[in-house]
Amino acid sequence: MILGDVSGKGVPAALLVTSVQTLFRGLSQTTDDPAEVLRALSKGIHDETRGSMFVTCVVGLFDLEGKTLNRCECWTSS
């Protein structure tokens with residue numbers, strides 16, 4: 001799961017959300033480690049955004065059997 005917020009309004013913010021969603025979907029298929037997903041997501045966002053934009057988010061993996069939540073938080077900007 002991912003919960004996040006992007007800076008700004010309008011088309012630039014909408015495009016950033018779309019980039020975050022796309023990156024997250026791809027990255028979350030490669031690892032079960034939220035910190036690893038966020039490291040790669042942060043790099044991808046940094047490479048694609050202008051200096052005035054940023055993203056804050058929490059990524060978590062919930063284990064239904066063990067009833068545990070493995071999570072990581074980040075703030076990233078360009």
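A residue is counted as exposed when its relative accessible area is over 50%, as buried when that area is under 20%, and as partly exposed in between. On this scale Lys-67, at 68% relative accessibility, is exposed. The structure described here is a predicted model. Lys-67 is located in the loop between β2 and β3, the latter comprising residues 68-77. Its phi is near 50°, a positive value in a residue other than glycine. Most residues other than glycine have a negative phi.

Helix α1 comprises residues 10-28. With 19 residues at 1.5 Å a residue, α1 should span 27 Å, and the C-alpha atoms at its ends are indeed 27 Å apart. The buried residues of this helix are Ala-13, Leu-16, Val-20, Phe-24 and Leu-27. Viewed down the axis of α1, these residues fall within an arc of 75°, so they line one face of the helix. Such an arrangement can be related to helix geometry: an α-helix has 3.6 residues a turn, so residues three or four places apart point the same way. The face of α1 turned away from the buried side carries the exposed residues Val-11, Leu-15, Thr-22 and Arg-25. Leu-15 is 13 residues from Ile-2 in sequence, and the two C-alpha atoms are 17 Å apart in space. Ile-2 belongs to strand β1 and is partly exposed, with a relative accessible area of 32%.

Helix α2 was examined in the same manner. It covers residues 34-48, and its 15 residues should span 21 Å at 1.5 Å a residue; the distance between its end C-alpha atoms is 21 Å, in agreement with this value. Pro-34, Val-37, Leu-38, Leu-41, Gly-44 and Ile-45 are the buried residues of α2. Around the axis they cover an arc of only 130°, and therefore lie on the same side of α2. On the other side of the helix, Arg-39, Lys-43 and Asp-47 are exposed.

The N-terminal end of α2 is capped by Asp-33, which has a side-chain oxygen 3.1 Å from the backbone nitrogen of Ala-35. The backbone nitrogen of Asp-33 is in turn reached by the side chain of Thr-31, at 3.1 Å. Thr-31 is placed in the loop between α1 and α2, and at 16% relative accessibility it counts as buried because the cut-off is 20%.

A further contact of a side chain with the backbone involves Ser-7, in the loop between β1 (residues 2-6) and α1. The side chain of Ser-7 reaches the backbone nitrogen of Phe-54 at 2.8 Å. Ser-7 is buried, with a relative accessible area of 9%. Phe-54 begins strand β2, which runs over residues 54-63. Met-53, in the loop between α2 and β2, is likewise buried, with a relative accessible area of 9%. Met-53 is 20 residues from Asp-33 in sequence, and their C-alpha atoms are 26 Å apart in space.

At the surface, Met-1, Phe-62, Leu-64 and Leu-69 make a nonpolar patch of about 470 Å². Phe-62 is situated in strand β2 and counts as partly exposed, at 48% relative accessibility.

Definitions and conventions. Residues numbered from 1 in each chain as written. Predicted model: local features only at pLDDT ≥ 70, side-chain atom pairs only at ≥ 80, totals over all residues. Heavy atoms only, no water. Helix = DSSP H or I, 4+ residues; strand = E, 2+ residues; numbered from the N terminus. Expected span 1.5 Å × (residues − 1). Buried < 20%, exposed > 50% of the residue type's maximum accessible area, 1.4 Å probe, protein only. Arc of directions from axis to C-beta. Polar contact = N/O pair within 3.5 Å; in protein donor to acceptor, adjacent residues only side chain to side chain. Patch = residues over 30% accessible without salt bridge, like charges linked within 9 Å, V, L, I, M, F, W, Y side chains within 5 Å. Areas by Shrake-Rupley, 256 points an atom, 1.4 Å probe, with all protein chains shown as cover. Salt bridge = Lys/Arg side-chain N within 4 Å of Asp/Glu carboxyl O.
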